[in-house]
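These are my notebook entries from a session of looking things up in one structure. I kept them in the order in which I asked.

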Amino acid sequence: MFLANFRTALSWITKQPLYYLVKVLGLALGLVAVALLVTYVNFVQSYDAHIAKREQIYRVVDEYVSRENGARVRDYLGSNAWIEPFKQEYAGLYDELGVVLRRNGVFGYETTVFDQEYYYAEPSILSLFSIKVLQGDPANALVGPNKVLLSEAAAVKYFGSATDAIGKTLRLDQLYDLEVSGIFQDLPPQTSFPMQALVSYDTTQRLLSGAMLNNQFWLLTTGHTMFVSFQNPETARTVNADLAAIPYRRSAEQDIPILQRNQFILGLQPLTEIYLDPRTGGTSGDDFTRRNTYFGMWILSLLVIAGASVNYISLTLGQLQLRTKELGVRTAFGATKHNLVMQLITESLAVSGPALLLSAVLLELLVPVFSAAVAVPMTLADMLRPQLWGWLALAVLALCALVNASPALFTSQSAIKQQALRPRGSRFSWKAASSVIFFQFALSTLAALLVLGIYLQVNLLQEVDIGLDPDNLAVLDTRYQTNSDASGFEAFKNELRALPEVQSVAALSAMPTSTTAFNNWIRLAEGTNAGEPIEQTVTFIQVDPEFLDTYRIPLLAGRNFSLDYPSELFNPGDTDLSGRNLGIVITRGAARRFGFASPEDAVGQSFRYTQDQDDRRY
């Protein structure tokens with residue numbers, strides 16, 4: 001019986017091959033889109049799922065008011081000034097606490113050198129993040145200075161093998177020797193913290209500057225991040241409610257007005273929320289969370305599912321005019337309703353089966369492209385989960401069978417038989433087809449509007465004035481040059497300038513587009529239009545006189561730095577700057593925040609940097 005039905009299905013395919021191919025291709029593309037989007041959503045939900053106590057762990061984060069637009073900035077980078085007060089205030093309330101400090105450096109072994117992200121980490125991080133140490137002593141691997149714990153992949157990268165790496169020495173930034181104290185299991189790709197190298201936290205006493213180690217200013221970001229676990233969620237809520245007040249209880253008295261002006265508070269962020277809300281809004285207050293993308297994928301998934309289903313239903317109903325008359329003739333010659341339903345279901349398998357196979361082939365081609373586009377490390381293996389494809393196959397087979405069999409399934413046998421005697425086709429089929437086509441048009445219109453909105457957003461991002469011209473600008477990272485002010489560095493710049501393709505060369509103290517940590521500057525009550533002293537929290541970077549020209553940043557008022565005025569230029573090698581008048585160039589936004597009506601009014605005014613210990617002016 002099945003073979004007879006299948007031969008009938010093949011006869012329909014040979015009569016209308018283009019119609020058949022459109023149905024199969026449309027269904028396959030819908031399946032591919034749904035599989036990609038559903039896998040993406042599942043992949044995101046499983047971030048950090050390897051951490052045993054994921055539901056109990058929180059990250060200590062901060063919020064403050066944007067310096068530019070007054071928006072709330074939600075930042076994830078902490079300060080070492082928070083650590084000891086937190087431990088003292090909440091001792092006995094939390095179960096476990098660990099501190100990490102993420103850095104970038106150059107790790108080298110003999111002739112093997114790599115730019116490496118690494119974390120200074122307290123020993124408790126191993127337990128908090130469920131890091132499995134495969135070689136070495138987990139209890140002592142991060143205890144004491146000058147130790148580094150490597151992942152299996154990192155050990156292979158530097159030593160060619162992870163089996164004999166313990167005891168070997170890695171050189172950090174060409175200055176510091178670190179002994180490999182252990183090897184830990186590679187973390188899965190679904191992690192918010194892709195750790196490959198953990199340096200013992202005690203090493204910070206040797207490698208970090210005294211200014212950072214002794215910092216007591218809560219607003220100064222030093223990159224330290226605290227993770228803390230609470231067995232009782234109610235205790236976590238209690239601590240979170242109190243955290244807004246702790247900076248004001250434990251800060252120096254002179255810092256409290258600064259905290260109040262910036263409306264600075266601390267809080268706890270659950271580890272389960274970190275991937276979707278990494279809190280990388282930065283100093284602009286903009287929202288760079290992934291929640292919009294995540295929920296957008298959900299909406300897009302529903303639209304794709306609905307669109308593919310409606311497309312299949314529309315094409316099937318388009319054939320209904322011919323099928324109802326055919327079914328009536330078959331019934332008149334003795335076919336039962338059961339025979340008709342089984343025939344139509346068999347025909348649906350001729351569409352849904354090839355569509356499922358074609359979608360699997362298309363996925364192999366599209367997964368790498370999709371993963372790169374959404375910046376999520378998904379692989380084909382993530383797609384080929386039996387549970388996902390089991391549900392998809394059931395849904396597709398059920399939809400195809402229901403739609404194909406609907407003429408016989410929802411119509412009495414006598415009514416089907418009458419179709420053979422009617423000069424015109426079923427009135428129901430025309431109404432159903434018209435309704436489906438209308439719904440399909442509405443979905444297509446909604447999708448087109450969404451695409452238009454995305455296009456307008458991308459177009460805005462491409463054309464917005466960012467204050468500099470990034471075209472044809474190359475950045476060379478020299479953070480690990482140990483003598484950046486040496487004559488060799490200037491010789492390197494001169495060699496670049498000599499290249500005919502190079503128009504200009506400039507040096508600055510931070511990797512673009514970073515503006516480094518921020519601190520307080522004071523506009524002094526001196527000179528024309530000075531007014532009252534004004535203190536503001538701003539960022540600053542050190543640049544050379546070629547910076548503005550190289551970045552093509554227009555100068556609105558005053559003059560640029562110049563070698564014609566050497567006394568105004570800052571040199572890192574200067575040991576005595578007392579009484580000096582150093583030059584600064586400020587942005588239009590900074591001029592407004594310091595109370596100047598125009599950029600011209602700011603020219604010639606004097607400033608002080610609050611961290612200076614002498615009487616220099618800017």
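In which helix is the place of Val 239? I found Val 239 in helix 8, which covers residues 233-243, and I was working throughout with a predicted model rather than an experimental one.

**Entry 1: Val 239**

I looked up the accessibility of Val 239 next, and because its relative accessibility is 1%, Val 239 counts as buried. Leaving aside its neighbours within four places in sequence, I listed Phe 86, Tyr 90, Leu 93, Phe 230 and Leu 268 as the residues in contact with Val 239. For one of these, Leu 268, I also noted the separation from Val 239, which is 29 residues in sequence and 8.2 Å in space, taken from C-alpha to C-alpha.

**Entry 2: the chain as a whole**

I then stepped back to the whole protein chain, for which I wrote down 21 helices and 14 strands. Of its 618 residues, 42% count as buried. I also checked how far along the sequence the contacts reach: among contacts between residues at least 6 apart in sequence, 73% join residues at least 24 apart.

**Entry 3: aromatic rings**

How many aromatic pairs does the structure hold? I recorded 21 of them. One is the pair of Tyr 158 and Phe 159, which is tilted, with 6.4 Å from centre to centre and 55° between the planes; both Tyr 158 and Phe 159 are buried.

Another pair I looked up is that of Trp 521 and Phe 540, whose ring centres are 5.4 Å apart and whose planes stand at 75°; since an angle over 60 degrees counts as edge-to-face, this pair is edge-to-face. The pair links distant parts of the chain, 19 residues apart, with Trp 521 in strand 12 (residues 518-523) and Phe 540 in the loop between strand 13 (534-539) and helix 19 (547-551). Is each ring buried or partly exposed? Trp 521 has a relative accessible area of 8% and is therefore buried, whereas Phe 540, with a relative accessible area of 30%, is partly exposed.

I noted as well that Tyr 158 and Phe 159 belong to one aromatic cluster with Phe 107, Tyr 109, Phe 114, Tyr 118 and Tyr 120.

**Entry 4: charges over rings**

Which residue lies over the face of Phe 114? I found Lys 157 there, at 5.1 Å from the ring centre, and Phe 114 is one of the members of the cluster I had just written down. I made a second note for Arg 559, whose charged end sits over the ring of Tyr 565, 3.9 Å from the centre of that ring.

**Entry 5: Lys 493**

I turned to Lys 493, which is found in helix 18 (residues 487-498). Why does Lys 493 count as buried? Its relative accessible area is 5%, and the cut-off for buried is under 20%, so Lys 493 falls within that class. The side chain of Lys 493 makes a polar contact with the side chain of Asp 544, at 2.9 Å. Not counting residues up to four places away in sequence, Lys 493 touches Val 505 and Ala 507 as well as Asp 544.

**Entry 6: cavities**

Last, I asked about enclosed space, and found two cavities of 30 Å³ or more in the structure. The second largest cavity holds about 30 Å³ of space. Its lining is made by Val 60, Gly 78, Ser 79, Trp 82, Ile 83, His 224, Thr 225 and Met 226. Strand 10 (residues 224-229) gives the most to this lining, with three residues.

Technical notes:
Residues are numbered from 1 along each chain as its sequence is written. This is a predicted model: local features need pLDDT of at least 70, side-chain atom pairs count only at pLDDT 80 or more; totals for chains, interfaces and linings use all residues. Side-chain values use heavy atoms; hydrogens and water are left out. Rings of Phe, Tyr and Trp (its six-membered ring) pair if their centres lie within 6.5 Å; planes under 30 degrees apart count as stacked, over 60 as edge-to-face and the rest as tilted. Buried means under 20% relative accessible area, exposed over 50%, partly exposed in between (1.4 Å probe, protein chains only). Helices (H or I, at least four residues) and strands (E, at least two) are DSSP runs, numbered from the N terminus. A charge sits over a ring if NZ of Lys or CZ of Arg is within 6 Å of the ring centre and within 35 degrees of the ring normal. A polar contact is a pair of N or O atoms within 3.5 Å; within protein, one must be able to donate a hydrogen and the other to accept it, and residues adjacent in sequence count only if both atoms are side-chain atoms. Contact means heavy atoms within 4.5 Å. On a 1 Å grid over the protein atoms alone, a cavity is a set of points where a 1.4 Å probe fits but cannot get out, and a pocket is an open set with protein on both sides within 12 Å along at least five of seven lines; lining residues have an atom within 4 Å of a point. Grid points are joined across faces, edges and corners, and a volume is the space filled by probe spheres set on the points.
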